[in-house]
Amino acid sequence: MNQKNVLTVIIPLVLGCVFLAACSGGSGATVSGTIILPDGETVPGGSTIKVQVQDTSLADAPATTMGEETIEGNGQTGSIDFSVEYNPDEIVDNHTYTMNVRIEDAGGSLLFINDTSIRVITNDNPTENVQVPVIAVGR
């Protein structure tokens, strides 16, 4: 009986990387700016601030996350700086990209969210100095 040993190697697809050698540590493209908290509000310690760039082009489909930054809440007031990295090769010129900010306490309860559409990247929308106001929820 003649047997051949076959070695199967599985390389996971991570953010569009097909070949391991083609994956780099950074894409070089970012959306940066500031989250604006309501006057007098504080982000409690132990909370999680999740900032996402999303493709929101399709009205009847869930948004696709193009990039995300997670920041630890530690008593911030006023404003919080962010910089979200995304892959520019995945950007489609006629798509709409928006910011999504969620701030949750240590138990996962939602504290703050942006309630307005903040467009970025395409159609002459900014990638720097983006201002994202959030509102308090559930109080």
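**Exercise 1. Which pattern does the chain follow, read along the sequence?**

Solution. Start with the conventions. The coordinates are a predicted model, in which local features need pLDDT of at least 70, side-chain atom pairs count only at pLDDT 80 or more, and totals for chains, interfaces and linings use all residues. Residues are numbered from 1 along each chain as its sequence is written, and side-chain values use heavy atoms, with hydrogens and water left out.

Step 1. Assign secondary structure: helices (H or I, at least four residues) and strands (E, at least two) are DSSP runs, numbered from the N terminus.

Step 2. Count the elements: the chain has 0 helices and 9 strands.

Step 3. Write them in order: β-β-β-β-β-β-β-β-β.

**Exercise 2. Describe the chain by its burial, surface and contacts.**

Solution. Step 1. Burial is read from relative accessible area (buried under 20%, exposed over 50%, partly exposed in between; 1.4 Å probe, protein chains only). Of the 139 residues, 31% count as buried.

Step 2. Accessible areas come from the Shrake-Rupley method with a 1.4 Å probe, and for residues only the protein chains shown count as cover. The exposed area of the chain is about 9,000 Å², and carbon and sulfur atoms supply 49% of it.

Step 3. A contact means heavy atoms within 4.5 Å. Among contacts between residues at least 6 apart in sequence, 65% join residues at least 24 apart.

**Exercise 3. Trace the strand pairings that involve β2, β5 and β6.**

Solution. Step 1. Two strands pair if DSSP finds at least two bridges between them. Strands of a sheet pair through backbone hydrogen bonds, either parallel or antiparallel.

Step 2. Begin at β2 (residues 48-55). Strand β2 runs antiparallel to β3 (residues 64-72), with 8 bridges joining them; Q54 stands opposite T65 in β3. Strand β2 also pairs with β5 in the antiparallel sense, over 8 bridges, and T48 has E104 of β5 as its bridge partner.

Step 3. Move on to β5 (residues 97-104), which pairs with β6 (residues 110-113) in the antiparallel sense over 3 bridges. I103 is placed opposite F112 in β6. The two strands form a hairpin with 5 residues between them, and G108 in the turn has a positive phi of about 90°.

Step 4. Strand β6 pairs in turn with β9 (residues 135-136), antiparallel over 2 bridges. Here F112 has A136 as its bridge partner in β9.

**Exercise 4. What is the strand order of the open sheet of 3 strands?**

Solution. Step 1. The order is β4-β1-β8, with mixed pairing. The edge strands, each pairing on one side only, are β4 (79-86) and β8 (130-133). From one strand to the next, the twist averages 30°; the angle convention is that axes are lines fitted to C-alpha atoms, for helices over the stretch in contact, and angles run from 0 to 180 degrees between N-to-C directions.

Step 2. Strand β1 (residues 29-36) and β4 are antiparallel over 8 bridges, and G33 has F82 of β4 as its bridge partner.

**Exercise 5. Why does Q52 count as buried, and what surrounds it?**

Solution. Step 1. Q52 lies in strand β2, where 6 of the 8 residues are buried.

Step 2. Q52 counts as buried because its relative accessibility is 10%.

Step 3. Leaving out residues up to four places away in sequence, Q52 touches T65, G67, E68, T98, M99 and N100. The C-alpha atoms of Q52 and R102 are 8.8 Å apart, although 50 residues separate them along the chain.

Step 4. Polar contacts are pairs of N or O atoms within 3.5 Å; within protein, one must be able to donate a hydrogen and the other to accept it, and residues adjacent in sequence count only if both atoms are side-chain atoms. The side chain of Q52 makes one of 2.8 Å with that of Q54 and one of 2.6 Å with that of E68.

**Exercise 6. Which residues have the most contacts inside the largest nonpolar core?**

Solution. Step 1. A nonpolar core is a set of buried Ala, Val, Leu, Ile, Met, Phe, Trp, Tyr and Cys residues joined through side-chain atoms within 4.5 Å.

Step 2. The largest has 27 residues, and V31, V51, V53, F82 and M99 have the most contacts inside it. At least two residues of this core come from each of β1, β2, β3, β4, β5, β6 and β8.

Step 3. Take V31 as the example: residues that V31 touches include V53, F82 and M99.
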